[in-house]
Amino acid sequence: MFQKPTMTKNLENKIDIEAGWKSALKNTFDSDWFLSLMESVKKEYKEKEIYPEFQNIFRAFDLCPFNKVKIVILGQDPYHSKGQANGLSFSVSVDTPLPPSLKNIYKEIESDCGIERKASGDLSGFANQGVLLLNSILTVGAGSPASHRDLGWERFTDEVLKSISDKKNNVVFMLWGNYAKNKKSLIDKDKHLILEATHPSPFSAYGGFFGCKHFSKANKYLKENKKTTIKW
C-alpha cells in the first residue's frame with residue numbers, strides 16, 4: 001500500500017539547497033512560478049506515489065555544489081520503477097540492478113577509458129567530483145514515465161543550464177539523445193564544450209553513443225583548462 005511521505009520542514013516551507021545554487025538561482029527560487037511549481041509538486045507527493053523520495057528531489061545539487069560543477073550530464077526524467085530513482089540522472093542506489101542505459105554508460109566508460117564497469121549503479125562518486133547529474137524533470141509518478149512533464153520542472157532546469165552557462169567557464173555538457181540535444185541553445189558554445197551523442201538506451205546506443213568517447217574527451221578538455229579530471 002502507498003504510504004504518504006513525511007514532508008521535511010525545510011522542503012515544506014523553503015528550498016533547502018546548497019548555498020551556491022541558492023545564490024546562483026535566487027531570482028528563480030523567489031519567483032511566483034517556482035513557488036507555484038513547488039506547491040504542485042507537494043500536492044503530487046501527498047496524493048500519489050512519486051519518485052524519487054521527497055528529500056532527494058534536489059540531491060544532485062547538494063552533492064555537486066555550484067562552484068564545483070565541471071561537467072553536466074543531462075537526463076530526461078527519473079526512473080519510474082520503485083527503488084530506482086535517487087535524485088541523480090541515470091543513477092540508482094547501491095544494490096539496485098543496473099538499468100539498461102546505465103549498463104551501456106558503463107560499457108562506454110570501459111571501452112573509452114579502460115575502466116572496468118562497476119557493480120554498483122550509484123553515481124554519487126561522480127557527483128562528488130563535480131559532475132552534475134541533472135534530469136530535466138526532477139520528479140515522476142510511479143509507473144508513469146514523463147508524467148510530470150507539464151508541472152514546470154523544465155522551466156526550472158532550463159534556468160539551471162542557463163545559469164551554469166552564464167556564470168561559469170569551461171564546463172562540459174554531455175547531451176545524449178534528441179531531448180537533451182534540444183537544450184544546447186541554452187549553452188554558450190564559445191565558453192563551454194558541448195558533446196552530443198545518441199541516448200545510451202538499448203534502442204539507440206549503437207547509433208552513436210557507443211564509441212562517442214565523451215568521457216575521455218571531457219577529461220582532455222578539463223586538463224587543457226587546468227581543471228582536475230574525473231575518475232570515471
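Me: Before we start, what makes a crossing of two helices left-handed?

Reply: A crossing is left-handed if the near helix is turned anticlockwise from the far one by less than a right angle. In this predicted model, helix α4 passes helix α8 in just such a left-handed crossing.

Me: Why is α4 called oblique to α8?

Reply: Good one to work through! The axes of α4 (residues 32–47) and α8 (residues 153–167) come within 10 Å and cross at roughly 130°. Angles over 145 degrees count as roughly antiparallel and 65 to 115 as roughly perpendicular. The crossing fits neither range, so α4 is oblique to α8.

Me: Which residues meet where α4 contacts α8?

Reply: From α4 come W33, F34, L37, M38 and V41, and they meet W153, R155, F156 and E159 in α8. The residues of this contact divide into seven nonpolar, no polar and two charged.

Me: How do you know that C64 has no disulfide bond to C113?

Reply: A disulfide needs two cysteine sulfur atoms within 2.5 Å. The closest cysteine sulfur to that of C64 is in C113, 18 Å away, so the two are too far apart for a bond. C113 is in no disulfide either, with the sulfur of C212, its nearest, 9.9 Å away. The structure holds zero disulfides.

Me: Is C64 called buried or exposed, and why?

Reply: Buried means under 20% relative accessible area. C64 has 0%, so C64 is buried.

Me: And what makes C113 partly exposed?

Reply: Partly exposed lies between the 20% limit for buried and the 50% limit for exposed. C113 has 28% relative accessibility, so C113 counts as partly exposed.

How values were computed: Residues are numbered from 1 along each chain as its sequence is written. This is a predicted model: local features need pLDDT of at least 70, side-chain atom pairs count only at pLDDT 80 or more; totals for chains, interfaces and linings use all residues. Side-chain values use heavy atoms; hydrogens and water are left out. Axes are lines fitted to C-alpha atoms, for helices over the stretch in contact, and angles run from 0 to 180 degrees between N-to-C directions. Helices (H or I, at least four residues) and strands (E, at least two) are DSSP runs, numbered from the N terminus. Angles under 35 degrees count as roughly parallel, over 145 as roughly antiparallel, 65 to 115 as roughly perpendicular and the rest as oblique. Contact means heavy atoms within 4.5 Å. Ala, Val, Leu, Ile, Met, Phe, Trp, Tyr, Cys and Pro count as nonpolar, Asp, Glu, Lys and Arg as charged, and the others, Gly among them, as polar. Buried means under 20% relative accessible area, exposed over 50%, partly exposed in between (1.4 Å probe, protein chains only).
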